[in-house]
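Subject: Structure handover and findings

Hi,

Here is the structure I promised to send over. Please open it alongside this email.

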Amino acid sequence: MTDAANPTVHRSSYDAALARSEALEARIASDPSGLRVLTGDRPTGALHVGHYFGTLRNRVRLQEAGVETWVLVADYQVITDRDVIGDIKGSVRELLTDYLAVGIDPERATIFAHSAVPALNQLLLPFLSLVTQPELERNPTVKAELQAAGKSAMGGLLLTYPVHQAADILFCHGNVVPVGKDQLPHIEQTRVIARRFNERYAGGEQLFAEPDALLSEAPTILGLDGDKMSKSRGNAIMLRMTEAETAKLVKKAKTDADRTITFDPEGRPEVANLLTLTALSTGRTPEEIAAEIGDKGAGTLKVMCAEALNAHLAPIRERRAELEKDPAQLFEILRRGNERANAVADDTLARVREVMGMVY
């Protein structure tokens, strides 16, 4: 039996993941010691409000709750489904700027890059020995990535993408991974790899703990044209935008002809999206905001949405402007994070080689 909202996730597997996620939230609230979260992004440019409300705010929440936080700049993953990577260093700089601007604290979080941690990537070899080609080809997230990239043939890096993610999580012994339901297959693959490694190579010793997904209730934020929010589509509100740029974009946002504003995500997704953005920016409910606007129309909604977003993002944008003045500081923060990640990765790889009998 599969989950109705995501037919690729079996109901029993989803229920088990949900139960573990709920237990994790309870532990975070009571005693987060011993928890280590691994999360991150591909550096493809500056981040937008979809990233902010979808994941960034939750990372800051976990950091503030006392969960040890590791944030990956997944630069190697840029080449999994792209023929041209563009200005990768510039994209990394933008990512670092957004991370710090929203409140990720490099004194409490480890920010590091894929390409700077050789031992992490070397774990791919033993981990690949633990999975089969059919298992990788069945992964629904990989199929979705292939479709999104508009490619017909799957490259080797994309096929092994879930194994690379397993290395990201397990090298630092991450045990909490914030994800949406669509990412559960990746976490399940990581759990399988950890289990098989322990059984096959570590003689049953739990060298790698099986990580748990922290299921996110993050709202779906659409682009201002009603499609998926994306920088490349020109429908995104970037965190780095000015108040005037934000207001101009919101004013052009797609709505409908009905003057009475109601919160109906299924029937009126574009209107619901503006209500959701307003609600997330103010701490109110979309229904409450819709009732307040009533029959004043989409114009009133757009003004309210732009004002709420600008007020909420003002301190982030102020901090961002300061950070942009000193890019060298950003890369120094990344260098320190890379240094720490390398120390942990080297220790993990040394232990892996030991249990595999490869220390000569």
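Below are the findings, grouped by type of feature. Keep in mind that this is a predicted model.

**Salt bridges**

The count comes to 26 salt bridges. Three of them are worth a look.

Start with Asp98 and Arg320. Their side chains meet in a salt bridge, at 2.5 Å from N to O. Asp98 lies in helix 3 and Arg320 in helix 14, so this pair ties together parts that are 222 residues apart in sequence. Both ends are out of the solvent: Asp98 is buried, and so is Arg320. For Arg320 the relative accessibility is 2%, and the cut-off for buried is under 20%, which is why Arg320 counts as buried.

What else does Arg320 touch, not counting residues up to four places away in sequence? Besides Asp98, the list holds Ala46, Glu94, Thr97, Ala101, Leu239 and Arg240. Arg320 itself is found in helix 14, which covers residues 297-324.

Next, Asp212 and Arg20. Their closest N and O atoms are 2.9 Å apart. This bridge also links distant parts of the chain. Asp212 is in strand 7 (residues 212-215), Arg20 is in helix 1 (residues 11-30), and the two positions lie 192 residues apart in the numbering. The two ends fall into separate burial classes. Asp212 is buried, with a relative accessible area of 16%. Arg20, at 23% relative accessibility, counts as partly exposed.

The third is Asp256 with Arg268. Here the closest N and O atoms are 2.8 Å apart. Asp256 and Arg268 both lie in the loop between helix 11 (243-251) and helix 12 (269-282), so the pair ties together parts that are 12 residues apart in sequence. Asp256 is partly exposed, at 31% relative accessibility. Arg268 is buried, with a relative accessible area of 8%.

There is a network as well. Salt bridges that share partners join Arg20, Glu188, Arg191, Arg195, Glu210 and Asp212. Arg20 and Asp212, described above, are thus members of this network.

**Aromatic pairs**

The count is 8 aromatic pairs. One of them is Trp70 with Phe112, an edge-to-face pair. The ring centres are 5.8 Å apart, and the planes make an angle of 75°. Planes over 60 degrees apart count as edge-to-face, so 75° earns that label.

Where do Trp70 and Phe112 sit in the chain? Trp70 is in strand 4 (residues 68-73) and Phe112 is in strand 5 (residues 109-113). The two are 42 residues apart, and the pair links distant parts of the chain. Trp70 is buried, with a relative accessible area of 0%. Phe112 is also buried, at 0% relative accessibility.

Elsewhere, ring pairs link four residues into a cluster: Phe127, Phe197, Tyr201 and Phe208.

**Charges over rings**

Two lysines are placed over aromatic rings. The charged end of Lys89 sits over the ring of Phe331, at 5.2 Å from its centre. Lys181 lies over the face of Tyr14, with 4.5 Å to the ring centre.

**A nonpolar surface patch**

Tyr76, Ile79, Ile85 and Leu157 form a nonpolar patch on the surface. Together they have about 330 Å² of accessible area.

Tyr76 is in the loop between strand 4 and helix 3 (88-102). Its relative accessible area is 36%, so Tyr76 is partly exposed. Ile85 lies in the loop between strand 4 and helix 3 too. At 38% relative accessibility, Ile85 is partly exposed.

Which residues is Ile85 in contact with, leaving aside its neighbours within four places in sequence? They are Val78 and Ile79. The C-alpha atoms of Ile85 and Pro43 are separated by 9.5 Å, and these residues are 42 apart along the chain.

**A backbone detail**

His173 has a positive phi of about 55°, although it is not a glycine. His173 is found in the loop between helix 9 (161-171) and strand 6 (176-179). Is His173 buried or partly exposed? His173 is partly exposed, at 34% relative accessibility.

Best wishes

Technical notes:
Residues are numbered from 1 along each chain as its sequence is written. This is a predicted model: local features need pLDDT of at least 70, side-chain atom pairs count only at pLDDT 80 or more; totals for chains, interfaces and linings use all residues. Side-chain values use heavy atoms; hydrogens and water are left out. Rings of Phe, Tyr and Trp (its six-membered ring) pair if their centres lie within 6.5 Å; planes under 30 degrees apart count as stacked, over 60 as edge-to-face and the rest as tilted. Helices (H or I, at least four residues) and strands (E, at least two) are DSSP runs, numbered from the N terminus. Buried means under 20% relative accessible area, exposed over 50%, partly exposed in between (1.4 Å probe, protein chains only). A charge sits over a ring if NZ of Lys or CZ of Arg is within 6 Å of the ring centre and within 35 degrees of the ring normal. Contact means heavy atoms within 4.5 Å. Patches are made of residues with over 30% relative accessible area and no salt bridge: like charges are joined within 9 Å, nonpolar side chains (Val, Leu, Ile, Met, Phe, Trp, Tyr) within 5 Å. Accessible areas come from the Shrake-Rupley method with a 1.4 Å probe; for residues, only the protein chains shown count as cover. A salt bridge is a side-chain nitrogen of Lys or Arg within 4 Å of a carboxyl oxygen of Asp or Glu.
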